[in-house]
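Trainee: I've just opened a new structure and I'm not sure how to read it. Could you walk me through it, one feature at a time?

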Amino acid sequence: MPAIDIEGVAMRFGDVDALKNVSLHVPEGAFVTLLGPSGCGKTTLLNIIAGFLAPSRGRVLFDRQDVTGIRPEARDTAMCFQSYALFPHLSVQDNIAFGPRQKRVPKTEVSARVGDLIRQMGLAPHAAKLPNALSGGQQQRVALARALAVAPGVVLFDEPLSNLDAKLRDQVRGEIRDLQRRVGFTAVYVTHDQAEALAMSDTVFLLNGGVIEQSGSPREIYFRPRTRFVADFIGAANLQDGAIAGGAMQTPFGPIPVDAADAARRTICWRPEVVRLSDVGALSGRVAHVAFQGGWLDLFVTAGDQTLRLQVPGTHDIPDGAEIRFDVARDAVVVLEDEPHA
Ligand code: ATP
């Protein structure tokens, strides 16, 4: 299981800078995601790690060995795509056996590996079927088993779950993570789905316009976003602009406590669920709209010209139009690094 290092990688297509000086480290056996909006460069970076693309500048290292000039087949990687790319004329077991046979792995070893994977992926009843006789989720499992059959040290995933419906996606997500821990490989997973990245990753690398905007554990990225882009891209956020004085930002709802020096104009960010309802809360507003979500309520609360989104347990019964008081804890409020919007 190699560790991966990307050192100063840039990629230019004509006059498009798809990646600009990207560096990152993936520890051996880690599960990391490359997350970001369409066009931010995540697939380009994955293809550079796989060796399908040569970077315009920079190096790729596996276990500190430079592999930048090494062709894809000679790298210790396997790829798992969204468009399963299964061979339609081969059975499930022959699809899975394809890679190791190509690599001239001895026959008994191939059938042992294929048998193991078929069992682990719950594909035993389907082993002799052709891919078009399988559901999307089953095809995705075959694609994953096929990638793992060559016993790669690194598995590269390119939005593998985007063709599955939401419920199945959650399930296969868990299976991939579980398998990664059991089998042991270093995983680099491309997605534009922030929920997927938060649920699966040891580390999230959030890309924006060909650079890494922020990296960190899912918790860090979610609760401690550094910029407006990160705060907006991940989850729901309350973003408020204003002056900071005496450890608080004055807002139409009241003073929001912040751990920051006085400043004429900054942007603060806090997540809807950090709020605490309290009859003696320092903040107040009017509930313009309530959306019952089962486990929780989304409250859209207004004061002056601002609207906040609050999330409270679904057991609360709050009507539209209610006046509420609430608190937000100082350590739940982040002051963003970038300038407030004009
Ligand atoms: P998506 O989620 O839409 O796949 P992405 O984050 O994976 O987006 P990339 O596919 O890496 O983004 O593309 C990054 C930028 O590079 C985009 O502006 C894209 O148009 C451009 N690009 C990618 N591949 C090529 C290519 N072969 N030729 C020209 N431009 C390219």
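Mentor: Let's begin with what a helix is here: a DSSP run of H or I that is at least four residues long, numbered from the N terminus. With that in hand, you can place Asn95 in helix H2, residues 92–102. Keep in mind that this is a predicted model.

Trainee: Is Asn95 buried or exposed, and why?

Mentor: The general idea is a cut-off: buried means under 20% relative accessible area. Asn95 has a relative accessible area of 0%, so Asn95 is buried. A polar atom of the Asn95 side chain lies 2.9 Å from the backbone oxygen of Leu90.

Trainee: Which residues is Asn95 in contact with, leaving aside neighbours within four places in sequence?

Mentor: Those are Leu86, Phe87, Leu90, Pro131, Val142 and Arg146. Now widen the view to the helix. In H2, the buried residues are Val92, Asn95, Ile96, Ala97, Gly99 and Pro100. They pack against helix H3 (107–120) and helix H4 (136–148).

Trainee: What happens to phi just after H2?

Mentor: Arg104 takes a positive phi there, about 55°. Arg64 is another residue to look at: its phi is near 65°, a positive value in a residue other than glycine. You'll find Arg64 in the loop between strand E4 (57–62) and strand E5 (65–66).

Trainee: And why does Arg64 count as exposed?

Mentor: Here the cut-off is over 50%. Arg64 has 52% relative accessibility, so Arg64 counts as exposed.

Trainee: Let's turn to the ligand. Which residues are around the ligand?

Mentor: For a shell like this, look for residues with a heavy atom within 4 Å of the molecule. In this model they are Phe13, Val16, Ala18, Pro37, Ser38, Gly39, Cys40, Gly41, Lys42, Thr43, Thr44 and Glu159. By type, the shell divides into 5 nonpolar, 5 polar and 2 charged residues.

Trainee: Which elements each supply at least two residues of that shell?

Mentor: Strand E2 (16–26) and helix H1 (42–50) do. H1 gives the most, with 3 residues.

Trainee: How do I read the polar contacts with the ligand?

Mentor: Look for pairs of N or O atoms within 3.5 Å. An N or O atom in the side chain of Lys42 is 2.8 Å from a ligand oxygen. For Thr43, a polar side-chain atom lies 2.6 Å from an oxygen atom of the ligand. The side chain of Thr44 has an N or O atom 2.5 Å from a ligand oxygen. As for cover, the ligand taken alone exposes 630 Å², and the protein buries 57% of that.

Trainee: Glu159 was in the shell too. Where is the place of Glu159?

Mentor: Glu159 is in the loop between E7 and helix H5 (166–184). Its phi is near 45°, a positive value in a residue other than glycine. With 11% relative accessibility, Glu159 counts as buried, because the cut-off is under 20%.

Trainee: What can I learn from Val154, in strand E7?

Mentor: E7 covers residues 154–158. Val154 has 0% relative accessibility, so Val154 counts as buried. Not counting residues up to four places away in sequence, Val154 touches Pro2, Ile4, Phe62, Asp76, Thr77, Ala78 and Thr186. You can also trace a distance: Gly174 is 20 residues from Val154 along the chain, and their C-alpha atoms are separated by 18 Å.

Trainee: Let's step back. How is the protein divided into domains?

Mentor: Domain 1 takes in 4–229 and domain 2 takes in 237–335. Their C-alpha centres lie 39 Å apart. The contact takes 6 residues from domain 1 and 10 residues from domain 2.

Trainee: How many helices and strands does the protein have?

Mentor: There are 8 helices and 20 strands. The C-alpha trace spans about 75 × 45 × 30 Å along its principal axes. Of the 342 residues, 49% count as buried.

Trainee: And what about contacts across the sequence?

Mentor: Take contacts between residues at least 6 apart in sequence: 66% of them join residues at least 24 apart. To finish with the surface, the accessible area of the protein comes to about 15,800 Å², and 50% of that belongs to carbon and sulfur atoms.

Note on methods. Residues are numbered from 1 along each chain as its sequence is written. This is a predicted model: local features need pLDDT of at least 70, side-chain atom pairs count only at pLDDT 80 or more; totals for chains, interfaces and linings use all residues. Side-chain values use heavy atoms; hydrogens and water are left out. A polar contact is a pair of N or O atoms within 3.5 Å; within protein, one must be able to donate a hydrogen and the other to accept it, and residues adjacent in sequence count only if both atoms are side-chain atoms. Accessible areas come from the Shrake-Rupley method with a 1.4 Å probe; for residues, only the protein chains shown count as cover. Ala, Val, Leu, Ile, Met, Phe, Trp, Tyr, Cys and Pro count as nonpolar, Asp, Glu, Lys and Arg as charged, and the others, Gly among them, as polar. Buried means under 20% relative accessible area, exposed over 50%, partly exposed in between (1.4 Å probe, protein chains only). Contact means heavy atoms within 4.5 Å. Domain bounds come from an automatic or database domain assignment.
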